[in-house]
Amino acid sequence: MEFATFADRAAAIEAEPADLEIVARTSELLADAGDDSEDRRSAGSAVDPQTLEVVARFVQGRVFPAWDSTKLDIGPTTCYEAIARAAGTNVGSDDVEERLAEVGEIGEVAASYDFGGQQGLGAFTGGGGGNGAGGAAGNDLTVREVYETLADLAAAEGSGSQDRKIDLLFGLFNRCSSEEARYLARLVLSEMRIGVGEGSVRDAISEAFDVPVEHVERALQVSNDYGQVARVARDEGREGLDAMDLEVGRPVQAMLAQAGTVTDALEEWDEAAVEWKYDGARVQLHHRIGDDGTTETCVFSRNMEEVTDAFPEVVEFADETLEEPAILDGEVVAIDEDDEPLPFQEVLKRFRRKHDVAKAREDVTVRPVFFDCLHAGGEDLLEEPLTTRHERLRAVLADADDSSDATVEDERDIEALSLLWTTDDPDEIEAIDAEALEAGHEGIMLKDPDSAYSPGRRGKHWRKRKPDVETLDCVVTGAEWGEGRRATFLGTFELSVRAGDDLETVGKVATGITDEKLEELTALLEPHIATEEGQAVDIEPAVVFEVGYEEIQSSPTYSSGYALRFPRFLGVRSDKDPDDADTLERVERLRA
Ligand SMILES: Nc1ncnc2c1ncn2[C@@H]1O[C@H](COP(=O)(O)OP(=O)(O)OP(=O)(O)O)[C@@H](O)[C@H]1O
């Protein structure tokens, strides 16, 4: 297919306001690209894709498949320079930039020049060459040629690579008509924006090759490659799509979470799977074992970028631990010398690190924690329920022949395994949340135990416990002495709000407080202890805590008639006196 045809079709799609029409036109484009005679001769792989594959990606502004970390690495300046050179000796990249400032869109700028007459090394790249007659006349730039040149350009590295990139890009622009230049410029700068989203291409593939959309969807989930799916849909239909599997080494889109409450989760599911929410960076580990026993491990980020080199300890972990090929989903967490988790910002220091990795490794120690298993021992597990996938995960991380009825207690021994509790008891969930916070993690995730793994979906099956939307400033009116190593600290603080001249209790907070903080709070509150009975103490109103909570329930337990559900300590409001604390009226208003 000529690139001019692609550009014309892209313009027609862009002019279309209605989604259905966009899908219809994209479907026609794919069907025509699929008829391309060149395709019948070519291999069709990531390295040497067919026209149909290239068009299925170009139309959504992609040059390479989503799973492929290859980047064009063309900055705007390189692109302006190439456009300027193709536009003639009187044009400099400053002029291109100026025009861009006027019209605001690079496609429009590229389309405003008359290309084609320039000589130079790049002008002869990929056949063609400037003919002095402006644009495409007689040049027949094809979609495949554009792809191949861009692939060469992406491969250019080392000294002189920027010049080579400019040369190659100049060579392409030099053979472009206005319309071709418009879409080439947008493509290379990832600004295609013709209204074709992933859903439109999915529906267009289904329409063009007459295959049910659910089968296209599944194939896209496992392959992450619209080009390959389009080709398989055309050549092998529904059966071919169903036969597509995950491939170890090719990243899958991460399943994502929605915000949600414990109450919602327990209402919707019979039971909730509860896990700690680790404050690290998402990673997907792919571990391949060759026939000769050699292993290869790749690590990908949440956005499917390869970050293997940045995390040698994750690779070492996989080599030491995994005895079967696997795709695992998890988090890398930075830890201190006592193995306590450090904030997320620390992991970021390691992420995308290409140089001085050994030094960075000395500065920030990380360890992986896995919470899902997408593939193990040659078997895809996406459609298995979460609990089955977690069992498989445990087996992969422990000895493969370990019994499958291990308890959470046993699992604690497997360091890299995220613990999973299944329960319908809100109090147990609250206790897990408290434990997670105490261990220095972010809180909890709630998951539907029966749910499949849906790549790329921010669905209802995974919920991150909703962050506190509102907070309350409460007076501390009581506390309890701790136990064991916390015997000298006050903890479990009773919280009250103002009701006229009185104070009424609304709950107790014990969550979200480190030992260090407890020591500080004890020093602050001890002078205000009024009475003591056993471990319980009454405290004169003097100190105000800011607390978050999940919701407010009516409750006979507290004198206000309300209870804060999942209260957590956020800080001391040292700027506030008890007279400035929140009122019962506010509690009632927040509950409404
Ligand atoms: N046990 C766990 N299960 C699933 N995800 C977890 C778990 N522990 C930590 N996470 C992390 O939590 C993320 C989901 O939470 P959150 O939505 O807050 O992440 P985010 O990347 O900051 O934001 P968002 O996904 O909303 O853009 C996951 O992507 C993962 O990185």
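These legends accompany close-up views of a predicted model of one protein chain.

**Figure 1. Overview of the predicted chain.** The protein chain contains 22 helices and 19 strands. Along the principal axes, its C-alpha atoms fill a box of roughly 95 × 60 × 50 Å. Of the 592 residues, 45% count as buried. Among contacts between residues at least 6 apart in sequence, 67% join residues at least 24 apart.

**Figure 2. Packing of helix α12 against helix α13.** Helix α12 spans residues 213-223 and helix α13 spans residues 226-242; their axes lie 10 Å apart and the packing angle is about 125°. The angle makes α12 oblique to α13. The crossing of these two helices is right-handed. On the α12 side, the contact is made by His215, Val216, Ala219, Leu220 and Ser223. On the α13 side, the contributors are Tyr226, Gln228, Val229, Val232, Ala233, Arg238, Leu241 and Asp242. By residue class, the contact of α12 with α13 holds eight nonpolar, three polar and two charged residues.

**Figure 3. Crossing of helix α5 and helix α9.** The axes of α5 (residues 76-87) and α9 (residues 161-173) come within 8 Å and cross at roughly 50°. This angle makes α5 oblique to α9. The crossing of α5 and α9 is right-handed. From α5, the residues in the contact are Thr78, Cys79, Glu81, Ala82, Ile83, Arg85 and Ala86. They meet Gln162, Lys165, Ile166, Leu169, Phe170 and Phe173 of α9. The residues of this contact divide into eight nonpolar, two polar and three charged.

**Figure 4. Surroundings of Lys277, annotated as "active site" in UniProt.** The annotation comes from an unreviewed entry. Lys277 lies in strand β2, which covers residues 272-277. Lys277 has 21 other C-beta atoms within 10 Å and is therefore buried. Leaving out residues up to four places away in sequence, Lys277 touches Ala436, His441, Glu442, Gly443, Ile444, Met445 and Lys464. Lys464 is itself among the positions that the unreviewed UniProt entry lists under "binding site".

**Figure 5. Arg282 and Glu331, two positions with the UniProt annotation "binding site".** The list in the unreviewed entry also includes Glu275, Arg302, Phe371, Arg458 and Lys464. Arg282 belongs to strand β3 (residues 281-289), and Glu331 belongs to strand β5 (residues 326-335). Arg282 counts as partly exposed because it has 16 C-beta neighbours inside 10 Å. Glu331, with 23 other C-beta atoms within 10 Å, is buried. Setting aside neighbours within four places in sequence, Arg282 is in contact with Ala254, Ser301, Arg302 and Glu331. Under the same exclusion, the contacts of Glu331 are Tyr278, Gly280, Ala281, Arg282, Val283 and Val369. One of the partners of Arg282, Arg302, is also on the "binding site" list.

**Figure 6. Contacts of Glu313 in helix α15.** Helix α15 runs over residues 312-321 and includes Glu313. Glu313 is partly exposed, with 14 other C-beta atoms within 10 Å. Not counting residues up to four places away in sequence, Glu313 touches Arg361 and Val366. Glu313 and Arg361 are 48 residues apart in sequence, and their C-alpha atoms are 8.6 Å apart in space.

**Figure 7. Arg193 and Met304, two non-glycine residues with positive phi.** Most residues other than glycine have a negative phi. In Arg193, phi is about 40°; in Met304, phi is about 70°. Arg193 sits in the loop between α10 (178-188) and α11 (198-209). The loop that holds Met304 lies between β4 (295-301) and α15. Arg193 has 12 C-beta neighbours inside 10 Å and so counts as exposed. Met304 has 20 C-beta neighbours inside 10 Å and so counts as buried.

Notes:
Residues are numbered from 1 along each chain as its sequence is written. This is a predicted model: local features need pLDDT of at least 70, side-chain atom pairs count only at pLDDT 80 or more; totals for chains, interfaces and linings use all residues. Axes are lines fitted to C-alpha atoms, for helices over the stretch in contact, and angles run from 0 to 180 degrees between N-to-C directions. Helices (H or I, at least four residues) and strands (E, at least two) are DSSP runs, numbered from the N terminus. Angles under 35 degrees count as roughly parallel, over 145 as roughly antiparallel, 65 to 115 as roughly perpendicular and the rest as oblique. A crossing is left-handed if the near helix is turned anticlockwise from the far one by less than a right angle, and right-handed if clockwise. Two residues are in contact if their C-beta atoms, placed from the backbone, lie within 7 Å. Ala, Val, Leu, Ile, Met, Phe, Trp, Tyr, Cys and Pro count as nonpolar, Asp, Glu, Lys and Arg as charged, and the others, Gly among them, as polar. UniProt positions are given in the numbering used here, feature names are shortened, and annotations may be inferred rather than shown by experiment.
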